[in-house]
Amino acid sequence: MAVPQRGSLDDPWLDELSTRIWTKPEFSMVPIDVDEVPRGRYSGPPLDERGPRVVFFGIPSDYGTAFLLHLIEKRTNLVAVVCSTRWQRTHPKADLIARIAGHLGRPVEVTADANAEAFVRSLRAYQPDIVVMASFDQILAAATLAVPSRGWLNIHPSLLPRHRGPEPIYWTIANGDAEAGISVHLTVPRIDAGPILAQRRIPVLDQDTAGTLSKRLVAEGLAALDETVGRLEAGSAGAIAPAERGSYEPPVRQTGLDWDQPYEHIDRLVRAGHPDQPPFFTHRGRRRYVYAVRRVDPDPLNTERLKRSHGSKAPLAWAGGPANEMLVAVRDAVVAVRWQPVGHTHAVRPLAKQQFP
């Protein structure tokens, strides 16, 4: 896909980060573990201190980082940034979100429990008008959500109220949805259930993976966020849709492929899992993680011949084929399976009361 036209952040390090993210073919929900630090002081223009006071909550995935960089590009009055240590589990350290805020000279709050009384007191001291949250991994209580004077926004990559929950892009593709979307909504203690303030829709393409779809959704979501912040500032941010029950899907666990399924079903699972959560099959006692599948022989006679020669329907080595591909007969096709020995790179599986995004 084409790289969206981005404005300049007017700072070499931030422009380099933005370019690095937006030239990726796919966005990941996995936190970016960037060890590099800025090579100099912030050289961009000052942020607008006359606008609404905004606090950003996020984890440093491509998704979350893109929204933070966009707020900086818009010279938003960013008064603080909040990082979660829960996604790191062990050896917490300053992450990319913290480094970006520090580069700007803005305060950084780090918390494993955003509902703790001490943290809420600190948040209240910043006197935020608006909180913007993009890919944060904690469920927030009513007392925490009541701190900003104009609203606590969450940017959720689905057509809410459909696909509430931590991994909506996966389920959008796995369920075969024709449309995807991104929603900006007011946050309430119930997961992804607050009034919807802005929403964008895009078609799901036949070749979309979770990564390509995530990138396209973020590109649409930037304008939706700008629209919502502007309406909150003007005092005219009425809901475009009420809170509804909708649908909720749970976190994605490691998914084993069942070859006795149609090709279309297997293809959706593989695309939904790319790049962070590939499904797997077991070969000679070891898991192999699937990154792509493709039809190699639509002839039904050849499909039946392969099934008869290998009744277990397990993948077979492909003589003369690529080393990282195997052949398997699924219900309605012969399929080449591209695999790797390592997979499921979602940074951590959710802890109790933890959500992505």
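# Exercises on helix packing

The protein has nine helices and 12 strands. The model is a predicted one, and buried residues make up 55% of its 357 residues. Let's work through the surroundings of three helices.

**Exercise 1.** Work out how α1 is oriented against α3 and which residues form the contact.

*Solution.*
- Step 1: take the geometry. Helix α1 covers residues 12-22 and helix α3 residues 96-104; they pack at an angle of about 150°, and their axes are 11 Å apart.
- Step 2: classify the angle. Angles over 145 degrees count as roughly antiparallel, so α1 is roughly antiparallel to α3.
- Step 3: add the handedness. The crossing of α1 past α3 is left-handed.
- Step 4: list the partners. From α1 come Trp-13, Leu-14 and Leu-17, and from α3 come Leu-96, Arg-99, Ile-100, His-103 and Leu-104.
- Step 5: sort them by class. This contact holds six nonpolar residues, one polar and one charged.
- Step 6: look at the spacing. Residues three or four places apart point the same way, because an α-helix has 3.6 residues a turn.

**Exercise 2.** Do the equivalent analysis for α1 and α2.

*Solution.*
- Step 1: α2 spans residues 62-73, and α1 packs with it at an angle of about 140°, the axes lying 10 Å apart.
- Step 2: that angle makes α1 oblique to α2.
- Step 3: α1 and α2 cross in a left-handed manner.
- Step 4: on the α1 side, the contact uses Leu-14, Leu-17, Ser-18, Ile-21 and Trp-22; they meet Asp-62, Thr-65, Ala-66, Leu-69 and Ile-72 of α2.
- Step 5: the class count for α1 with α2 is seven nonpolar, two polar and one charged.

**Exercise 3.** Decide whether α3 is largely enclosed, and find what covers its buried residues.

*Solution.*
- Step 1: set the cut-off. A residue is buried when its relative accessible area is under 20%.
- Step 2: apply it. Leu-96, Ile-97, Ala-98, Arg-99, Ile-100, Ala-101, His-103 and Leu-104 are the buried residues of α3.
- Step 3: draw the conclusion. Eight of the nine residues in α3 are buried, so the rest of the structure largely encloses this helix.
- Step 4: find the cover. It includes helices α1 and α2, along with β1 (54-58), β2 (78-84) and β3 (108-111).

**Exercise 4.** Describe what is found at the start of α3 and just after α3.

*Solution.*
- Step 1: at the start of α3, a side-chain oxygen of Asp-95 comes within 3.0 Å of the backbone nitrogen of Ile-97.
- Step 2: just after α3, Gly-105 adopts a positive phi of about 80°.

Note on methods
Residues are numbered from 1 along each chain as its sequence is written. This is a predicted model: local features need pLDDT of at least 70, side-chain atom pairs count only at pLDDT 80 or more; totals for chains, interfaces and linings use all residues. Side-chain values use heavy atoms; hydrogens and water are left out. Axes are lines fitted to C-alpha atoms, for helices over the stretch in contact, and angles run from 0 to 180 degrees between N-to-C directions. Helices (H or I, at least four residues) and strands (E, at least two) are DSSP runs, numbered from the N terminus. Angles under 35 degrees count as roughly parallel, over 145 as roughly antiparallel, 65 to 115 as roughly perpendicular and the rest as oblique. A crossing is left-handed if the near helix is turned anticlockwise from the far one by less than a right angle, and right-handed if clockwise. Contact means heavy atoms within 4.5 Å. Ala, Val, Leu, Ile, Met, Phe, Trp, Tyr, Cys and Pro count as nonpolar, Asp, Glu, Lys and Arg as charged, and the others, Gly among them, as polar. Buried means under 20% relative accessible area, exposed over 50%, partly exposed in between (1.4 Å probe, protein chains only). A polar contact is a pair of N or O atoms within 3.5 Å; within protein, one must be able to donate a hydrogen and the other to accept it, and residues adjacent in sequence count only if both atoms are side-chain atoms.
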